[in-house]
Amino acid sequence: MKENKNKSDKWKPTRRLRTQVTMVFVALTVATVCVVTFNAANHESQRITANILQSAQELAGNLATTGADYLLERDYASIEKLLLRTGRFPGVAEIQIADETGKILGDIYRGVDNEISARYRQPALVVPSQPEQWQVMQGESLVVWRPVELGHLIGWVRVVYDLKVIDEVNKQIWRDSILLMFLLLATTVALLIIMLRRPLRAIEQYTEFANSLDSTQGKEMPVESSSIELSNLGNALNHASKRLSTQTEAIVKAMNELERVAALPEYNPNMSISLDARGLVTYSNPSADRMLKEDGNQAQHIFSYLPDNIDALRKECLSANKSKTGVEVNAFGRTLLWTFAPVEDQQVLHCYATDITKRRKAEQARKESEDQYRLLFDSANDAILLLRKGKCIDCNRMASILLGLPRDYILNQPLTKFAPPHQPGGKNSERLYAERLDEALAGEPQSFEWQCINAKRKQFYSEVSLNHFEVGGETWVLAIVRDITERKTAEEKLLHQANYDSLTELPNRMLALDRLSQAVKQAHRLKRNMALMFIDVDQFKKVNDSLGHTAGDQLLIEVGQRLQVCVREGDTVARLGGDEFLIILNNLNDVIEAEVVAERMLSELARPYLLQSQELYLSASIGITGYPYDSHSPTILLRNADAAMYQAKESGRNTYRFYTPEMNQRAKVRLEMESRLRKAIERNELSLNYQAQIDISQERVIGAEALLRWHNPELGFVPPDQFIHLAEDIGLMPQIGEWVLRQACQDALVWRQKFQLPLRVAVNVSPTQFRGNALVETVRAVMEEYHLPTDLLEIELTESLLVEDAPDTAATLQALKQMGICLALDDFGTGYSSLSYLKKYPFDVLKIDRSFINSVMTHPDDAALCQAIIAMAASLNLSVVGEGVETEDQLSFLRRYGAQIAQGYYYSKPLPMTEFETFLLVWNTKRQGKRVPTLS
Amino acid sequence: MANKTHSRAKTFPGCLLVVLWLLGASSVVQANPESGTPKAIRFGSVAMDTPAAMDKRLTPLTEYLSSTLKRPVILKLSPSMPDAIRQVSAGQVELAYLTPVAYLSAHQSGAQLIAKTVTAGKSSFRLMIVVADDSPIKTVADLEGKKFAFGDKAALLQRAVVVGAGMPLEKLGQYKFLGHYDNIVRGVLVGDYDAGILKDTMAYKWKSEGIRILYQSPELPPYNISASKNVDKALLMQLQKLFLDLKLSNPEHLAIIKALDNNYDGFAPTADAEYDVVRELVKPFQQGKAPKE
């Protein structure tokens, strides 16, 4: 077997016909062409050689003829011209024409560069003596002589011919022959390939057709008609195909017949019985017997495998002569599917049963599995959708609930059907869905947030995860959609809380600073300007303290709302904390545009606020700075705005200021001052100067106004108008005020004890000290501590306190009044106080502002006003103090019109305690006409 | 067909009449210069070459003169030098292209110089007596009894130079006229002649081929353009300018100059005094007689 196999392998063809034919043909062609070429080249070479030799001889002869005349005439130039022309003949090495003695008259030669040149002064030639010497070989040259004769010998022509040219020519002939040979071969091979292509291709097609004859089903293939043999072969194959097809049909027919025969009951593997008209079993096949045996039954039990209503069925089928199929019977653990076929004329009912027990069990198992799957599917808390080519082919109960749609409405739809056109972030829903789906199909599990719309058009957040799986060779995607609305809401709430002020719902400091940073970047990118405004509500603390935090909060809310009205969409109003707000104005042509906004804001904020049934008025101080003018840095812009805001405050509040570089310096100074001021009390840097108040009529010192002074070692003497405002701003006044009170009371006590002078000390109280009950308690405590009679304390307050008309003010004044303390209204005439307040509040003294006193002698209007004030005060039983009296005339005026007290440089400037004591001593002594004693 | 034949027959006599009229008109112009057409200028020349060759050499020049002067310039070639001299002397030609010797003869009859030729940048030349470089002849005196090769028989100057060098012709052993300098130099190299006379440029060229210069003549004036005595001053000046304007840098002028002689570069001003040296040289040959051919 093995040997046979090896033998058959040995004879198996290994080369293609095309290759074999080509090789043989090429070999033959090569041989033929080589032989022919060789012969031709050889023949040509011999011919050329003979020609060249012949030509050499003819050349010499021609020269002898042509040059004869020139030789005779000794026309050397013409001889030379002739030789130069003749010398170009291939192979000529040199030519000479000489006279009969051999003297050269003309001589040319071929140089190594193949150029023909004349030469001179060559030695005379040795002319041949015999004709045999006319043609001789000299080495590789042929020398040919010819006599020049004109009746007699007149000279000689000598031509030297280089035989190497013959070699060159021969080589050229061989080269050309070989080239021609290759050309011939290439052409021949190409022609062969072209000629053989069709037949060989036809053979390949025939082979392919023959190999697939069993599947051609009688079809014919195209027949190559380029040769008789190929045409015959093609036709033979087509006939074979037809015959095979016919034979195959016959075989199939026979097979079918066989199958039909096999289907006869005798051979039927399933139970087959026949019942007669009475219902008795007339035939049962071996399969029936086998089944009975397998189930341990006897023949009579065969009816147990039939339907219970077999009699009725039999009668029905026989009477109607109609088969009945699909009757299922369960018996002995089997499920049989019966077919009843009547034979009417024989009154026999053939019964065929197919045992479908396994099938039923498999169906049952599948159903149970499906039910389990469906249970899991539908009981999931998340919506689950099966996606095929992006569309839903199944979904669970939760999907219906989440989307608010019946299952049928969800099937065959993509997820984008239940989503808005764009997702948060602006991405197109369709595009996002397609991208995610592609990724999942490629094997990358996807998880992403997805905004859905349910049937009620309500949008909700969901988290979608996509995973792919293979089903029947196809890739499906399992989509799980989870409602994350609550989580999102909580996240947003947290985010909101983190970024927004809980009271005003405005962006808080953190968000404001972030927006500021973004605004600067955007301005830089767009090459635009932006402005930053720092807003501090003036005297907010007063409201907060007086009306309570609830009212204060409401106020802040309303302030925030009013500020928002003043800005555009895209700008930011933020609350930094307390009563401070930050405004970011984006996309400005110029920072100066913020001025308009500031004006509007001041106007809005100045409108009355209705709080606790009261109309309240507020103002604000606004600091404005801008990018890029003032800085590119958000931090520095904040600082600038703050500095500008403080400048606005210092300028009187209810205004705005643009940042200037100097403000930084001022802010810096202010900070420095603030820091030092906070420590001024503990460092004993504060002191009181006293300016005497003189009873005009009696010319006696009745008291002194205490004026606060601050001397700091580094800053030096700080003017009161600088640090008192600062102290009020930073809330230091109550502390300083208490110190002033204490010191003043202490000093007053000293005066009383030292000089036995019951001088009343007047202490200025700032409006901030009037918050709540603190002032009253402080005064009471100080008075008790120092045991100073209460009538020796005068509290001076300004008109601005009355303008606010807070309930605390009246209560405090009343309380102080009840303590017996003298109340003075300072700087009267400079504010906007209503005269009714004079009636309302229990003042004792009215102090006319120095600005009126200064001009009583020069401005009749001011003089008239002073008169009126004095008269009014008198009518109200108030004492009048003229402040800033500097001249006798001013004093006389006051005296004339009834003012009781004068205070000013006319009598004394404000003096430190020791100097004031000296003043007192001198004044009293002079008044008494005594000598001024030395104070101990 | 019959119509065409008929029209051709009618046309032919008409054409013939026109041609005859044109011929008559030109002759009338030639015969009657006072009739109002510009008078033609006749240009003669020494026969340095065949008439066909001379015509070819001189025609571009005559066309140039004609177009610039706005008057016809007609070539009137002479078969020989004496004839050329005679024509310009007698005023039968207004212009002539002459050898130095020819000019001298013509000048005796009033011919005036217009310009001289320039060759290789030089407006003068020398004639040189040459020998083979290994010749025993070292001086002119050694030429006595030797075989000498001259060029053109008509070139009196060659003989005049040899005589002027101190070697009377009769003292030479033999002399022959070989025609061209090419033959002279080859004749010497071949050894057929002991010496020969060459133009300076040729002598220098052949020095490296085995020639030695034995003697060189003084600077001699070259060929020239002369005018007959009948040419007035204005026309003379005009003609002079025209010749002097011919420049190699102008492509049209280049063609004119090189047609005349491929070795020429152009023309330069000249004066009769430049030809004194020739006068001296040919004096022995003239002795009051007409120059021999």
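**Exercise 1.** Is K258(B) buried, partly exposed or exposed, and how many C-beta neighbours does K258(B) have inside 10 Å?

*Solution.* The model is predicted. Begin with the location: K258(B) sits in helix α9 of chain B, which covers residues 251-260. Next, take the neighbour count, which is 15 C-beta neighbours inside 10 Å. A buried residue needs 20 or more, and an exposed one has 12 or fewer. K258(B) therefore counts as partly exposed. As a further detail, L248(B) is ten residues from K258(B) along the chain, and their C-alpha atoms are 9.0 Å apart.

**Exercise 2.** Determine how α4(A) and α6(B) are oriented to each other, and list the residues that make their contact.

*Solution.* First, identify the elements: helix α4 spans residues 76-86 of chain A, and helix α6 spans residues 181-190 of chain B. Their axes lie 7 Å apart and the packing angle is about 85 degrees. Angles of 65 to 115 degrees count as roughly perpendicular, so α4(A) and α6(B) are roughly perpendicular to each other. Then list the residues: α4(A) supplies Y76(A), A77(A) and E80(A), while α6(B) supplies D182(B), N183(B), R186(B), G187(B) and V190(B). Sorted by class, the residues of this helix contact are three nonpolar, two polar and three charged.

**Exercise 3.** Describe the make-up of the contact between chains A and B.

*Solution.* Count by chain: nine residues come from chain A and eleven from chain B. Then sort the chain B side that touches chain A: five residues are polar, four charged and two nonpolar.

**Exercise 4.** What share of the 936 residues of chain A counts as buried?

*Solution.* The buried share is 30%. For context, chain A has 30 helices and 33 strands.

Note on methods: Residues are numbered from 1 along each chain as its sequence is written. Chains are lettered from A and ligands numbered from 1 in the order in which they are written. This is a predicted model: local features need pLDDT of at least 70, side-chain atom pairs count only at pLDDT 80 or more; totals for chains, interfaces and linings use all residues. Two residues are in contact if their C-beta atoms, placed from the backbone, lie within 7 Å. Ala, Val, Leu, Ile, Met, Phe, Trp, Tyr, Cys and Pro count as nonpolar, Asp, Glu, Lys and Arg as charged, and the others, Gly among them, as polar. Axes are lines fitted to C-alpha atoms, for helices over the stretch in contact, and angles run from 0 to 180 degrees between N-to-C directions. Helices (H or I, at least four residues) and strands (E, at least two) are DSSP runs, numbered from the N terminus. Angles under 35 degrees count as roughly parallel, over 145 as roughly antiparallel, 65 to 115 as roughly perpendicular and the rest as oblique.
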